[in-house]
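Grab a pencil and keep the viewer open. Work through each exercise yourself before you peek at the solution.

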Amino acid sequence: MKKIGIGIDYSNICTDYNTSYLDRDNMDPATKKCMKQVLSWIKEFVAELLENYECQLHNLSSSTPVKIDDIASKRFLFYSLEKEITLQSYVMQKEYVEYESLAAWELDNNHSILVQNDEDGGAIYFYFNENSGVLDWIKNKLENFSLDEIPFQAIK
């Protein structure tokens, strides 16, 4: 089954700030305000997604549950000019399944959701089966956002 995704650019959340300048180490008040808005919004959105689909959150290859705060964190969401960003993937699913790679997740037909950060720290991505109800749920929930529908690539 084909996997697709939705990219949510932070400019949808911070409409009065150029989100291409979000550096997690920047202490500028406007930058801090925008990052706080993004962190709060992501935390609420992921919590609602987990609740609606009765999922747990895990790393790709670890059975230890992950907290929403691991996703709604500066380290995961924002780039650092000093430290750069570590690309990470989390999986939302009803029961833990271990995947040795992103390609293994792509081949699995279960109804899980893959969450990835952005190499530039300006967006968050959610991937799922092409005909999944998750796509409709996200589009309805975020009808006022400009969303990017993107194909899944296991090379990240």
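**Exercise 1.** Find out what percentage of the residues of this chain count as buried.

*Solution.* Start with the status of what you see: this is a predicted model. Now take each residue and ask if its relative accessible area is under 20%, which is the cut-off for buried. Of the 156 residues in the chain, 46% pass that test. Next, look at the outside: the chain exposes about 8500 Å², and 45% of that area comes from carbon and sulfur atoms.

**Exercise 2.** List the helices and strands in sequence order, then work out how the chain's radius of gyration compares with the globule rule.

*Solution.* First, count: you should get five helices and six strands. Going along the sequence, they follow the pattern β-α-β-α-α-β-α-β-β-α-β. Then compare the sizes: the radius of gyration is 15 Å, close to the 15 Å that the globule rule gives for 156 residues, so the chain is as compact as a globular protein of that length. If you'd like a box around the C-alpha atoms, make it roughly 45 × 35 × 25 Å along the principal axes. Finally, check who meets whom: among contacts between residues at least 6 apart in sequence, 66% join residues at least 24 apart.

**Exercise 3.** Put the strands of the sheet in order and say which ones stand at the edges.

*Solution.* Walk across the sheet from one side to the other. The order reads S2-S3-S4-S5-S1-S6, the pairing is antiparallel, and the sheet is open. The two ends of that list are your edge strands: S2 (56-59) and S6 (147-151) each have a single partner strand, so one side of each has no neighbour in the sheet. As you step from one strand to the next, the twist averages 25°.

**Exercise 4.** Zoom in on S5 and identify its bridge partners on both sides.

*Solution.* Take S1 first: S1 and S5 pair in the antiparallel sense over seven bridges. For one example, Ile4 stands opposite Phe128 in S5. Now turn to S4, which is joined to S5 by four bridges and also runs antiparallel to it. Here Val115 has Phe126 as its partner in S5, while Asn117 is matched with Ile124. S4 and S5 form a hairpin with five residues between them. In the turn, look for Gly121, with its positive phi of about 70°. Is S5 covered up? Seven of its seven residues are buried, so to speak of S5 as mostly covered is fair.

**Exercise 5.** Track down the largest nonpolar core and name the helix that gives the largest share of it.

*Solution.* Begin with the core's size: 38 residues, with Met92, Ile124 and Phe126 having the most contacts inside it. Several elements give two or more residues each, including S1 (3-9), S3 (89-93), S5 (123-129) and H5 (133-141). The largest share, ten residues, comes from H1. That helix lies across S1, S2, S3, S4 and S5, running at about 10° to S5. Next, pick Ile124 and look around: among the residues it touches are Ile6, Ile42, Phe76 and Val115. Last, spot the second, separate core of ten residues, which includes Tyr99, Leu114, Tyr125 and Tyr127.

Definitions and conventions: Residues are numbered from 1 along each chain as its sequence is written. This is a predicted model: local features need pLDDT of at least 70, side-chain atom pairs count only at pLDDT 80 or more; totals for chains, interfaces and linings use all residues. Side-chain values use heavy atoms; hydrogens and water are left out. A nonpolar core is a set of buried Ala, Val, Leu, Ile, Met, Phe, Trp, Tyr and Cys residues joined through side-chain atoms within 4.5 Å. Buried means under 20% relative accessible area, exposed over 50%, partly exposed in between (1.4 Å probe, protein chains only). Contact means heavy atoms within 4.5 Å. Two strands pair if DSSP finds at least two bridges between them. Axes are lines fitted to C-alpha atoms, for helices over the stretch in contact, and angles run from 0 to 180 degrees between N-to-C directions. The radius of gyration is taken over C-alpha atoms; the globule rule is 2.2 Å times the number of residues to the power 0.38. Accessible areas come from the Shrake-Rupley method with a 1.4 Å probe; for residues, only the protein chains shown count as cover. Lists of a residue's contacts leave out its neighbours within four places in sequence.
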